[in-house]
Amino acid sequence: MSIFEALILGLVQGLTEYLPVSRSGHLQIAKELLGVELTDNIAFDVVLHFATVLSTIVVLWPAVKRLFTGFFSFRKGPDMTYALKIIASMIPVGIVGFLLKDSFNAMLASDYVMVVVGSMLLLTALLLTFAHYAKPRQKDSISWTDAMIIGTAQAAATMPGLSRSGTTIATGLILGNKRAVVAEFSFLMVILPILGESLLDVLNGSLSNMGVGLLPLAVGFVASFVSGCLACKFMLGIVQRGKLIWFAIYCAVVGLIAIGSYIF
């Protein structure tokens, strides 16, 4: 992997983890264009994921600190309850990841992957459009039921091309939660699943063969971290201003192009 390829993939990872345009879908498109296969560079993939988690922690540090102090205080209160809701929301994606990871990997390696990615991008566009026009009552906090529903939406977003942030934020808005509350919850709930998946790769020995040099690793990490910080801050503002419809249009266009690239 060249430094240029590492830079592009790092930027794509950092930007699309937070923007509701599907990280997995855009990484797949980038890999097709660059001729790079991340399954042959697991160490690089793990480094990008870690950079993404770090950017989330940096941007949302006050909320992350509140979660940790609330949970490890072992005292009943709003911070403890919020931390437990975050943990509960991770259960569905953990189950889906454990049971279907091999199936998703096989799908990513298939000839028809661009059709799947395009179709899921169109579904992302539909969800974002519905969330934009839906006008439910605005709730100040996410309930236990909402946390599990949003967590189930995150599990569904393991499908290549279905945006995780777009799906979880749209689901939270449709359920009637305030924009700022949903955006923060969506970004916090992804931290442990990403770390858990990376840890499993380490434990399974997937990193024994690095497959990429140290310089491309460093470039990819920095690109993913910096772009992730910028995208996270930008997305928090976009959600609060209710401008998700523009991302719906973008996802629809890219989805149609992805499907067209397979057909034609």
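## Surface and overall build

How much accessible surface does the protein chain have, and what share of it belongs to carbon and sulfur atoms? In this predicted model, the accessible surface comes to about 12600 Å², and carbon and sulfur atoms hold 70% of it.

Underneath that surface is a helical chain: it has 13 helices and 0 strands, so the radius of gyration is best read with that in mind, and at 18 Å it is close to the 18 Å that the globule rule gives for 264 residues. The protein chain is therefore as compact as a globular protein of that length. Along the principal axes, its C-alpha atoms fill a box of roughly 50 × 40 × 35 Å.

## Burial, contacts and charge

Of the 264 residues in the protein chain, 50% are buried. Contacts reach well along the sequence: among those with a separation of 6 or more, 81% are between residues 24 or more positions apart.

As for charge, you will find 17 positive and 14 negative side chains. The centres of these two sets lie 18 Å apart.

## Two buried polar residues

Let's start with S55, which sits in helix 3, spanning residues 42-59. Its relative accessibility is 0%, under the 20% cut-off, so S55 counts as buried. The side chain of S55 has a polar contact of 2.9 Å with the side chain of Y18. Setting aside residues up to four places away in sequence, S55 touches Y18, and also F225, G228 and C229.

Q154 is worth a look too; this residue belongs to helix 8 (residues 144-156). Because its relative accessibility is 3%, Q154 counts as buried. What does the side chain of Q154 join through a polar contact of 3.2 Å? The partner is the side chain of R164. Beyond neighbours within four places in sequence, the residues in contact with Q154 are S89, V93, R164, T168, M189, V190 and P193. One of these, S89, falls in helix 5 (78-89).

## An exposed loop residue

Is K76 buried or exposed? With 87% relative accessibility, which is over the 50% cut-off, K76 counts as exposed. You can find K76 in the loop that runs between helix 4 (61-72) and helix 5 (78-89).

For a sense of distance, try tracing from K76 to T124: the two are 48 residues apart in sequence, and their C-alpha atoms are 37 Å apart in space.

Technical notes. Residues are numbered from 1 along each chain as its sequence is written. This is a predicted model: local features need pLDDT of at least 70, side-chain atom pairs count only at pLDDT 80 or more; totals for chains, interfaces and linings use all residues. Side-chain values use heavy atoms; hydrogens and water are left out. Helices (H or I, at least four residues) and strands (E, at least two) are DSSP runs, numbered from the N terminus. Buried means under 20% relative accessible area, exposed over 50%, partly exposed in between (1.4 Å probe, protein chains only). A polar contact is a pair of N or O atoms within 3.5 Å; within protein, one must be able to donate a hydrogen and the other to accept it, and residues adjacent in sequence count only if both atoms are side-chain atoms. Contact means heavy atoms within 4.5 Å. The radius of gyration is taken over C-alpha atoms; the globule rule is 2.2 Å times the number of residues to the power 0.38. Accessible areas come from the Shrake-Rupley method with a 1.4 Å probe; for residues, only the protein chains shown count as cover. Lys and Arg count as positive and Asp and Glu as negative; His and the chain ends are not counted. The place of a charge is taken as NZ of Lys, CZ of Arg, CG of Asp or CD of Glu.
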